[in-house]
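Colleague: I would like to learn how to read a few features of a model like this one. Could we go through them one at a time?

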There are 2 protein chains.
Amino acid sequence: MKVFSSPRHRLHDPEQELESSGWQPPFEHPGRAEAIHAALAADADFAIAEPAEWGTAPIEAVHDPGLVRFLASAWEDYQRDVRQVHDVVPDVFAMAGLRAGMADGAEPTSVAGRLGWWCFETTTPLTSGTYDAARSAVSVALSTAEAVLGGERVAYGLCRPPGHHATTALYGGYCFFNNAAVAAAHIAVTTGSKVAVLDVDYHHGNGTQQIFFSRGDVAFVSLHGDPARAYPYHTGFADETGAGRGRGSTCNVPLAAGTDDDAYLRALAGALDAVDAFDPAVVVVSLGVDTYVGDPMCDLAVTTDGFDRCGDAVAARGRPLVVLQEGGYADEALGANVTTWLRGAAGAAQLLPWSRR
Amino acid sequence: MKVFSSPRHRLHDPEQELESSGWQPPFEHPGRAEAIHAALAADADFAIAEPAEWGTAPIEAVHDPGLVRFLASAWEDYQRDVRQVHDVVPDVFAMAGLRAGMADGAEPTSVAGRLGWWCFETTTPLTSGTYDAARSAVSVALSTAEAVLGGERVAYGLCRPPGHHATTALYGGYCFFNNAAVAAAHIAVTTGSKVAVLDVDYHHGNGTQQIFFSRGDVAFVSLHGDPARAYPYHTGFADETGAGRGRGSTCNVPLAAGTDDDAYLRALAGALDAVDAFDPAVVVVSLGVDTYVGDPMCDLAVTTDGFDRCGDAVAARGRPLVVLQEGGYADEALGANVTTWLRGAAGAAQLLPWSRR
């Protein structure tokens with residue numbers, strides 16, 4: 001299986017992250033991608049390559065160019081104007097309620113104000129190399145998509161930082177650019193075919209949902225911890241189903257705490273039925289393995305064997321898969337969980353006529 | 001001069017506050033009010049009383065009742081559901097961009113989600129007694145307003161926590177309930193007369209502005225550090241002048257760094273002209289003394305003598321004054337700065353016919 005990975009992910013290296021009212025050692029750190037990379041590199045069935053360089057045009061096809069500009073300089077602006085610090089986080093947010101009854105505001109001039117304009121939370125520090133790392137993750141996603149457009153049945157992009165929480169004009173949730181959304185939009189626009197994003201990360205892919213909510217060419221189907229208890233809390237409910245041209249093309253499946261392999265597979269089958277109903281030419285999989293029973297942050301109970309069954313179930317639907325890494329925080333199990341998922345997918349793909357052409 | 005103060009302010013006792021990408025010792029802490037109280041108590045010209053108890057009705061006249069409900073239980077909810085911690089802050093915020101193109105959301109069910117629904121920033125920790133303290137600050141404001149409605153020319157309310165950053169449905173900026181807005185609305189509604197809020201805190205009173213932006217009965221006039229560089233960054237520009245029935249009744253005067261006594265007094269004269277043009281029966285003064293040259297957080301250069309001139313200038317316009325404490329973080333100078341401002345106001349008031357009745 002073709003795999004794309006960039007060492008530039010290491011440039012995003014938070015020392016800490018701010019959540020649950022305190023600084024914590026970062027769950028989202030370079031060791032995550034290193035662990036997955038090591039497992040892939042140890043296995044001859046995976047052929048790892050670096051991605052091509054991509055410019056900002058595919059990013060700006062789904063994100064506000066202002067977000068790209070901001071991320072390109074924000075860390076340095078902050079060092080100069082506010083404080084010299086390794087991990088930069090916002091402290092005041094441009095929420096709509098600040099202007100209730102007033103006209104819309106404009107992007108502030110100060111970097112402190114701009115942080116709260118382009119970001120929605122505190123767990124996602126900007127570090128000196130964050131922008132370069134985020135750009136590299138998008139390049140990984142796009143090169144993975146190109147491999148599938150070139151004939152691969154399943155290809156995997158080891159994206160880090162992840163992407164699915166980034167909306168059109170907001171970063172957060174460890175995500176800066178929405179790798180999966182950029183890849184899905186790229187495929188949809190360059191091929192003229194429909195694309196589905198299947199998001200199996202524990203957390204609702206609020207960014208991907210928002211980006212495609214009103215689009216008819218890209219469906220968004222997600223299984224995730226019920227936002228009644230789980231981050232990101234404010235979206236991911238079953239009644240969010242799309243709008244306008246996208247009406248009916250968003251599908252959310254909130255899951256109960258403790259959901260085990262069998263229950264997860266049943267929910268996944270329903271989600272895959274929703275994908276099939278949309279009939280996409282390609283499926284972009286936002287592969288979080290934080291659904292794992294041992295994940296330190298989440299509360300589902302999928303096992304490593306369960307990930308094999310998940311990969312198999314997704315690939316058995318017979319559509320080409322662009323599999324992109326999202327979350328997963330049980331460092332010691334990440335390599336096994338990701339490679340097992342991919343082997344499950346590859347095995348199913350080999351049994352299907354399409355893969356033998 | 002009648003002064004109202006409540007010892008219950010001490011129940012809001014943050015150990016730290018989160019800003020500039022790190023925890024800091026709290027600028028806004030009980031010692032601020034204690035310092036002002038000590039200066040007032042040492043001076044026989046100030047008669048300190050505790051406020052009456054007021055219910056939530058005057059609060060819910062300007063705030064969403066959901067905000068009141070949230071603050072009443074949020075700290076305990078968080079201890080039970082998230083983590084046992086002294087200072088509770090949000091980490092993920094329900095920004096409009098998360099739902100761009102989608103229908104409006106509803107208040108989340110989890111306390112972590114609700115925090116980011118009702119709050120706009122991170123510098124304002126909830127502690128175990130915050131709600132009781134915030135309620136007491138509103139009672140101080142209302143009792144001070146009642147004293148002026150009862151015939152006092154100038155009365156002072158030692159409100160803590162402060163209030164002017166709290167909007168209809170958001171807390172933040174050290175503020176939970178908007179003491180000045182509750183008092184101004186109470187006066188306007190109970191008397192049927194027009195009221196102006198004159199906000200001389202260093203920081204733009206974004207909450208007060210939002211609450212009254214479209215109302216014709218309460219004007220909002222503010223001098224503050226230019227939001228191009230100063231918190232709260234997203235509002236406080238000169239082109240924000242009110243809407244609907246409030247068109248023309250909001251007036252913002254952004255100030256340059258280093259503004260000294262003479263320059264400040266010139267700007268204040270212009271602001272007072274705007275107040276006079278509105279012709280209110282009562283002026284509620286949001287008295288921040290963080291315009292002080294020695295303030296550790298701000299960058300204006302008003303001196304203690306300057307505060308005497310400011311109090312004099314405001315009272316010399318001949319309108320009864322409900323003076324309510326907002327910010328000010330140079331602890332060692334707070335007592336002198338506040339009492340000097342109040343003496344300036346009292347002196348001018350004594351020279352005017354109204355005060356001799």
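Modeller: Start with exposure: a residue is called buried under 20% relative accessible area, exposed over 50%, and partly exposed in between. Keep in mind that this is a predicted model.

Colleague: Is A:S20 buried, partly exposed or exposed?

Modeller: A:S20 has 23% relative accessibility, so it counts as partly exposed. A:S20 sits in the loop that runs between strand 2 (17–19) and strand 3 (22–24) of chain A. Its phi is near 50°, which is positive although the residue is not glycine.

Colleague: What is the phi of B:S21, and where does that residue lie?

Modeller: Phi of B:S21 is near 60°, again a positive value in a residue other than glycine. The residue belongs to the loop between strand 2 (17–19) and strand 3 (22–24) of chain B. Its relative accessible area is 4%, so B:S21 is buried.

Colleague: And B:G244, buried or exposed?

Modeller: B:G244 is exposed, because its relative accessible area of 52% is over the 50% cut-off. It is found in the loop between strand 7 (218–225) and strand 8 (250–255) of chain B.

Colleague: Next, the interface. How many residues of chain B are in contact with chain A?

Modeller: There are 55 residues of chain B in contact with 55 residues of chain A. The area buried between the two chains is about 4200 Å², and carbon and sulfur atoms give 62% of it. B:S21, B:M95 and B:H234 supply 18% of the area that chain B buries against chain A, more than any other three residues. The rule finds zero salt bridges across this interface.

Colleague: Which peptide bond that ends at A:P161 or A:P232 is cis?

Modeller: Both are. The bond from A:R160 to A:P161 is cis, with omega near -5°, and A:P161 is in the loop between strand 5 (154–157) and helix 6 (179–191) of chain A. The bond joining A:Y231 and A:P232 is also cis, with omega about 5°; A:P232 lies in the loop between strand 7 (218–225) and strand 8 (250–255) of chain A.

Colleague: Last, cavities. How are they found?

Modeller: A probe the size of a water molecule is rolled over the atoms, and this shows where empty space is left. Here the search finds six cavities of 30 Å³ or more, and the largest has a volume of about 50 Å³. Helix 8 (261–278) and helix 9 (304–315) of chain B are the elements that give two or more residues to its lining.

Colleague: What classes of residue line the largest cavity?

Modeller: Its lining has seven nonpolar, two polar and no charged residues. Among them are B:Y264, B:L268, B:F307 and B:C310.

Key
Residues are numbered from 1 along each chain as its sequence is written. Chains are lettered from A and ligands numbered from 1 in the order in which they are written. This is a predicted model: local features need pLDDT of at least 70, side-chain atom pairs count only at pLDDT 80 or more; totals for chains, interfaces and linings use all residues. Side-chain values use heavy atoms; hydrogens and water are left out. On a 1 Å grid over the protein atoms alone, a cavity is a set of points where a 1.4 Å probe fits but cannot get out, and a pocket is an open set with protein on both sides within 12 Å along at least five of seven lines; lining residues have an atom within 4 Å of a point. Grid points are joined across faces, edges and corners, and a volume is the space filled by probe spheres set on the points. Helices (H or I, at least four residues) and strands (E, at least two) are DSSP runs, numbered from the N terminus. Ala, Val, Leu, Ile, Met, Phe, Trp, Tyr, Cys and Pro count as nonpolar, Asp, Glu, Lys and Arg as charged, and the others, Gly among them, as polar. Buried means under 20% relative accessible area, exposed over 50%, partly exposed in between (1.4 Å probe, protein chains only). Contact means heavy atoms within 4.5 Å. Buried area is the accessible area (1.4 Å probe) that two parts lose on being put together, summed over both. A salt bridge is a side-chain nitrogen of Lys or Arg within 4 Å of a carboxyl oxygen of Asp or Glu.
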